[in-house]
Amino acid sequence: MSVRSHDHMDHTTRTVYRVSDYLGPHLPLKYSSSGIPKKVIFQMKEHAGPVNRVQWCPVKQYSHLLLSASMDGTCKVWDAVDSGKPLCTVSCHRGAVRDAQWSLCGRRILTGGFDSLLHLTDVETGKDLFTAKNECKISAVRFHPCDPNMFICAGFSPAITAHDIRMGKVIHVYKAAVQQHFDLLFLPDGKEFLSTTDCVSRDSADRTIIAWDFATTAKVSNQIFHERYTCPSLALHPKESAFAAQTNGNYIALFSTQRPYKMNKRRRYEGHKVEGFAVGCEFSPDGSFIVTGSSEGNVIFYNYHTTKLIRTLPSHGSACVGVSYHRVLPSLLATCYWDGHIQIWE
């Protein structure tokens with residue numbers, strides 16, 4: 001495994017963990033209402049394969065850092081606020097990296113790939129802190145929202161596994177009568193989580209979204225979504241008790257995070273196409289917008305309350321599969337594409 005500094009420096013710390021020139025003055029300010037970006041400020045083309053996910057560092061003072069996971073087998077950490085340049089590359093996987101997530105402390109990266117391996121990497125030192133071999137190709141990894149030592153992992157298997165980094169082993173297994181899981185989402189207190197699966201038949205759409213009890217591994221519900229579409233991605237509303245599910249029916253459905261996780265039949269966000277791609281969606285930090293990529297490459301903004309399509313950012317020619325709103329700068333957005341590009345909009 002290697003972590004290579006963009007400037008070939010011995011210490012990635014100096015380049016990675018510093019206060020951004022542009023971001024610095026905004027850090028003490030209260031977040032204002034989210035805005036919609038107008039133009040591309042950085043076009044980043046260093047990945048040699050499709051980019052599956054982008055995520056801003058969750059720690060405010062390090063939030064100039066953007067994490068990307070690619071089918072080229074690498075993850076990169078970028079200075080996506082000041083320079084648009086990669087700061088380091090994590091190359092521990094022998095196959096496509098399907099998912100990656102920052103730790104809550106913003107100094108570690110959890111990755112899962114088609115080589116069936118899980119890695120936890122220290123960004124500062126490049127050290128591999130934890131490695132585990134999964135039974136199957138991995139499609140989703142998620143840290144527990146309250147305990148940084150635990151995470152869940154799912155992929156091309158009926159089983160979801162929960163790992164404890166301190167013990168270095170699997171602590172829970174969650175089994176469903178499905179072939180694979182697409183996405184995972186913890187509900188706010190971490191006691192329950194959701195998984196989306198491929199279980200859609202002509203007769204039944206049960207088990208397309210399953211709610212699980214984290215501690216007991218029991219299925220809380222598999223009767224959440226009754227329409228015959230798979231859901232490639234899930235997103236949690238930052239303020240209300242709601243979550244969104246991207247569906248392969250070319251619309252986003254809205255649900256309650258409270259049992260029985262009822263679907264809101266009055267709100268449906270449609271106007272974008274997703275067929276053939278695992279397109280991500282997200283709420284803006286103030287909860288007023290839902291933003292989504294599309295198989296046509298456009299980035300679409302919907303008004304959360306009215307469901308109205310309010311803005312389309314144009315495609316540069318490839319499917320847009322991931323979006324990430326910045327948590328400090330109110331109209332900064334990262335998007336990633338199937339042709340390996342990443343764009344930063346403001």
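This report covers the confidence, overall build and nonpolar cores of one protein chain.

**Confidence.** The model is predicted. Its protein chain averages a pLDDT of 92, and 94% of the residues score at least 70. Residues 1-13 are an exception to note: their pLDDT is below 50. In the model, this stretch still has 32 contacts beyond near neighbours in sequence. Where pLDDT is low, the predicted coordinates should not be read in detail.

**Overall build.** The protein chain holds one helix and 29 strands. A compact globule of 346 residues would have a radius of gyration near 20 Å; the chain has 19 Å, so the two agree. Other whole-chain values are tabulated below.

| Property of the protein chain | Value |
|---|---|
| C-alpha trace along principal axes | about 60 × 45 × 35 Å |
| Residues that count as buried | 60% of 346 residues |
| Contacts (separation of 6 or more) between residues 24 or more positions apart | 48% |
| Exposed area | about 14200 Å² |
| Share of exposed area from carbon and sulfur atoms | 49% |

**Cores.** The largest nonpolar core has 20 residues. Met44, Val54, Trp56, Leu66, Ala80, Ile342 and Ile344 have the most contacts inside it. Four strands each supply at least two residues of this core: S2 (40-44), S3 (51-56), S28 (333-337) and S29 (342-345). S3 gives the most, with three residues. Apart from this core lies another, of 19 residues. Its members include Tyr17, Cys88, Cys92 and Val97.

Back in the largest core, take Met44. Leaving aside residues up to four places away in sequence, Met44 touches Leu66, Trp78, Ala80, Gly84, Gly340, His341, Ile342 and Ile344.

Notes. Residues are numbered from 1 along each chain as its sequence is written. This is a predicted model: local features need pLDDT of at least 70, side-chain atom pairs count only at pLDDT 80 or more; totals for chains, interfaces and linings use all residues. Side-chain values use heavy atoms; hydrogens and water are left out. A nonpolar core is a set of buried Ala, Val, Leu, Ile, Met, Phe, Trp, Tyr and Cys residues joined through side-chain atoms within 4.5 Å. Buried means under 20% relative accessible area, exposed over 50%, partly exposed in between (1.4 Å probe, protein chains only). Contact means heavy atoms within 4.5 Å. pLDDT is the predictor's confidence in each residue, from 0 to 100. The radius of gyration is taken over C-alpha atoms; the globule rule is 2.2 Å times the number of residues to the power 0.38. Accessible areas come from the Shrake-Rupley method with a 1.4 Å probe; for residues, only the protein chains shown count as cover.
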